[in-house]
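Here's a set of exercises to work through with the model open beside you. Try each task before reading its solution.

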Amino acid sequence: MNKYIFAVFLLGVFTFSKAQNTSYWQQQADYEMEIDMDVKNFQYKGKQKLTYTNNSPDTLQVVFYHLYLNAFQPGSEMDARLQSITDPDRRMVINKGTKENPIYESRIASLKPNEIGYIHVKSLTQNGESVSHKTEGTILKVNLKNPILPNSKVIFDMEFEAQVPVMIRRTGRNSRDGVAISMAQWYPKIAAYDYRGWHPTEYIAREFYGVWGNFDVKITIDKNYILGGSGVLQNNNEIGFGYENEGVKVPKAKGKTKTWHFIAKNVHDFTWVADMEFKHDKVALKDGKVFHFLYKKYDENWRKMQPELVKVFDFFNEVIGKYPWEQYSFIQGGDGGMEYAMCTLVAGGEKYESVLGTSIHELAHAWFQHLLATDESAYAWMDEGFTSFIEDLAMHSIISPDSKGNPFQNSYASYYELVKSGLEEPATTHADRFDKNFSYSVMAYGKGLLFLTQLGYIMGEQNVIKSLQKFYKDFAFKNPTPNDFIRTAEKVSGMQLQWFLNEFIGTTHTADYAIESVKPKGNKTEITLRRIGRLPLPVDLFVIEKSEKIHYYHIPLRMTFGSKENPYKSYQQHILSSWGWGNMTYTFEVDLPMQEVKSIIVDPTNISVDINKENNIFNN
């Protein structure tokens with residue numbers, strides 16, 4: 001009975017027709033950038049040409065850009081947040097107290113002028129005419145001289161100067177691994193505009209929301225540096241990248257610099273990393289695709305994980321959908337692990353299990369964020385939760401195929417801890433607004449994952465995988481919302497599920513079903529269950545005879561207007577009448593004398609998030 005049944009997730013790719021939603025639209029932002037990096041002072045100058053297509057039905061009077069690097073300045077909102085939150089990100093603070101009585105001080109607060117980050121916009125034109133603009137924190141507001149009409153394009157030309165900050169969060173110089181430059185969130189990036197309007201969100205170290213587009217980026221830098229990141233290198237013959245182990249003579253640069261030319265098509269971000277001591281491995285994948293690995297420390301572990309990541313990549317392709325771009329890069333950089341377009345930055349590697357697990361998680365983000373580009377700030381639970389779900393499936397099925405038990409047990413444990421703490425906030429809370437990092441982390445990673453396991457408990461685990469596959473097929477290269485996914489699940493399952501999205505994500509209601517009484521009734525046994533928690537769920541129940549024979553009963557939840565297929569193929573499924581949420585109790589009879597009943601168990605495989613397992617069991 002303890003055997004977990006998620007093996008049914010390992011299904012082939014299902015085919016579905018495209019969703020026909022003629023009212024859907026999304027903006028387009030195409031960048032051409034030329035960057036000149038001075039590696040001595042970590043300052044750079046940039047020229048940016050942005051072709052912005054307004055596919056919305058709205059006339060735009062203003063536009064907004066993100067200037068993320070401005071967060072790394074004393075007095076910024078990110079700095080202030082670090083000083084006010086009780087459990088700050090340990091990478092971003094210094095503990096001036098003790099382990100038992102910590103006194104945290106923001107690292108940003110003590111940055112010197114040559115250590116801060118900034119982006120200064122020097123000039124900006126709209127179709128060749130200068131426009132007024134104002135920088136407030138990490139946001140640039142542009143007052144347009146001429147409005148951008150629906151279904152029209154506009155060209156913004158910008159010149160800017162910037163400085164790479166000391167490594168504090170995600171981006172920066174001289175990381176703990178000694179990587180010289182990690183260039184994430186480094187360029188003026190137009191803010192997202194969708195059916196809700198503009199999203200000029202101040203950067204406080206959380207998540208992102210980008211606009212789909214194409215990037216043509218030229219980076220001029222000291223000739224001794226090796227670069228990797230988003231996009232495909234266009235001038236390999238000049239640079240010699242990838243020729244190290246192919247017996248090809250690497251061309252020598254004329255002068256002191258080289259210009260690296262990258263193109264990334266149909267992405268919503270661009271990231272790059274540079275260092276003089278990078279080692280570079282290429283691994284050929286199926287369909288002509290390539291993995292790139294760039295690292296400078298912990299060589300053995302970075303090489304050891306490469307074949308494992310190839311197997312995981314194939315697994316994701318099969319379970320979710322085909323990765324569309326021609327390459328993916330794993331780069332040692334940043335301050336932990338963070339996903340970017342066509343690449344990830346991963347810090348460390350001293351501990352093999354850690355660097356492998358982080359790399360698998362970030363690779364999974366290629367699907368859930370960089371192909372299905374949800375608004376991470378508003379729906380972090382979709383981004384991190386769905387990613388964690390397929391990560392755990394891969395770890396359980398590919399990396400540790402002999403492991404037993406529930407592959408998602410850590411998420412269950414963290415969720416129960418959060419509920420017990422009383423600190424849970426609704427998952428609809430904006431990512432920056434959580435009172436504690438602990439609450440945010442469990443909500444995004446743990447509860448987001450459990451959203452899918454609970455859907456499996458409601459509509460069947462096979463239908464969860466089918467829903468993920470259809471979701472990918474219908475919404476890749478778009479900006480889907482939670483409603484898009486729950487409607488996809490409804491189409492796959494034939495059930496009504498909007499209530500579950502509202503309850504599990506929009507509230508902190510918990511599930512608790514109890515066996516209230518078991519009574520003899522002639523040659524039958526009468527069982528009464530009680531709903532104690534406010535979160536509604538269907539009920540799986542085993543009645544076990546003293547002879548060890550098992551009878552499986554399923555009580556559908558009335559508001560789903562349906563029931564799942566039998567998940568316990570070894571036992572006959574007895575589907576009882578549905579249970580309405582308004583009814584606190586539910587009574588039914590089984591054709592078995594009570595003296596022959598050994599035990600009764602609600603949710604025998606512990607898939608549901610019932611917070612009190614003790615009242616789920618009756619022993620006779």
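The exercises below deal with a predicted model, and each one comes with a worked solution.

**Exercise 1. Confidence**

Work out how far the chain can be trusted, and find where the pLDDT is below 50.

Solution. Start with the whole chain: its mean pLDDT is 94, and 95% of the residues reach 70 or more. Next, look at residues 1–21, where the pLDDT is below 50. That stretch still has 48 contacts in the model beyond near neighbours in sequence. Don't lean on them, though: where pLDDT is low, the predicted coordinates should not be read in detail.

**Exercise 2. Strand β1 and its partners**

Say which side chains of strand β1 (residues 28–38) are buried, and which strands β1 pairs with.

Solution. First, sort the side chains by face. A29, Y31, M33, I35 and M37 point one way and are buried. Q28, D30, E32, E34, D36 and D38 point the other way and are not buried. That's a pattern you'd look for, since in a regular strand the side chains alternate between the two faces of the sheet.

Now the partners. β1 pairs with β2 (residues 43–54) in the antiparallel sense, over 11 bridges, and Q28 sits opposite T53. The two strands make a hairpin with 4 residues between them. Check the turn for F42, which has a positive phi of about 60 degrees. With β16 (residues 213–222), β1 pairs in the parallel sense over 6 bridges; here Y31 has F215 as its bridge partner.

**Exercise 3. An open sheet**

Give the strand order of the open sheet of 4 strands, and name its edges.

Solution. Trace the order and you get β8-β9-β3-β13, with antiparallel pairing. The edges are β8 (132–136) and β13 (189–190), each of which pairs on one side only. Zoom in on the β8 edge: 5 bridges join β8 to β9 (residues 139–148), and T135 has L140 as its bridge partner in β9.

**Exercise 4. Nonpolar cores**

Find the residues with the most contacts inside the largest nonpolar core, and the helix that gives the most to it.

Solution. The largest core has 194 residues, and Y52, F291, W367 and F451 have the most contacts inside it. Helix α8 (residues 437–459) gives the most, with 11 residues. Take F291 as a case: outside its neighbours within four places in sequence, its contacts include V283, L285, L309, V310, F313 and L363. Not every contact of F291 is nonpolar, as D281 and K282 are also among them. Apart from the largest core lies another, of 6 residues, including I544, I550, Y552 and I601.

**Exercise 5. Domains 2 and 3**

How many residues of domain 2 and domain 3 are in contact, and how much area do the two bury between them?

Solution. Set the bounds first: domain 2 covers 75–110 and domain 3 covers 392–506. Their centres, taken over C-alpha atoms, are 31 Å apart. Then count the contacts: 6 residues of domain 2 touch 6 residues of domain 3. Finally, the area: about 380 Å² is buried between the two, with 22% of it on carbon and sulfur atoms.

**Exercise 6. Helix α11**

List the buried residues of helix α11 (residues 498–506) and the helices they pack against.

Solution. The buried set is W499, F500, L501, E503, F504 and I505. These pack against α6 (380–399), α8 and α10 (482–493).

**Exercise 7. Two single residues**

Are N301 and I155 buried, partly exposed or exposed?

Solution. Begin with N301, which is in helix α3 (residues 299–304). Its relative accessible area is 13%; the cut-off for buried is under 20%, so N301 is buried. Beyond residues up to four places away, N301 touches G349, E350, K351, Y352 and V355.

I155 is in strand β10 (residues 152–163). Its relative accessibility is 28%, so I155 counts as partly exposed. Its contacts beyond four places in sequence are K49, L50, T51, T125, Q126 and N127. For T125, the C-alpha separation from I155 is 8.0 Å, with their positions 30 residues apart along the chain.

**Exercise 8. Strand β32**

Find how many residues of β32 (residues 597–602) are buried, and its pairing with β28 and β33.

Solution. In β32, 5 of the 6 residues are buried. β28 (residues 539–545) pairs with β32 in the antiparallel sense over 5 bridges, with L541 opposite V602. β33 (residues 617–619) is also antiparallel to β32, over 3 bridges, and S599 has N619 as its bridge partner.

Note on methods: Residues numbered from 1 in each chain as written. Predicted model: local features only at pLDDT ≥ 70, side-chain atom pairs only at ≥ 80, totals over all residues. Heavy atoms only, no water. pLDDT = per-residue confidence, 0-100. Contact = heavy atoms within 4.5 Å. Pairing = 2+ DSSP bridges. Core = buried A, V, L, I, M, F, W, Y, C linked by side-chain atoms within 4.5 Å. Buried < 20%, exposed > 50% of the residue type's maximum accessible area, 1.4 Å probe, protein only. Domains from an automatic or database assignment. Buried area = accessible area lost by both parts, 1.4 Å probe.
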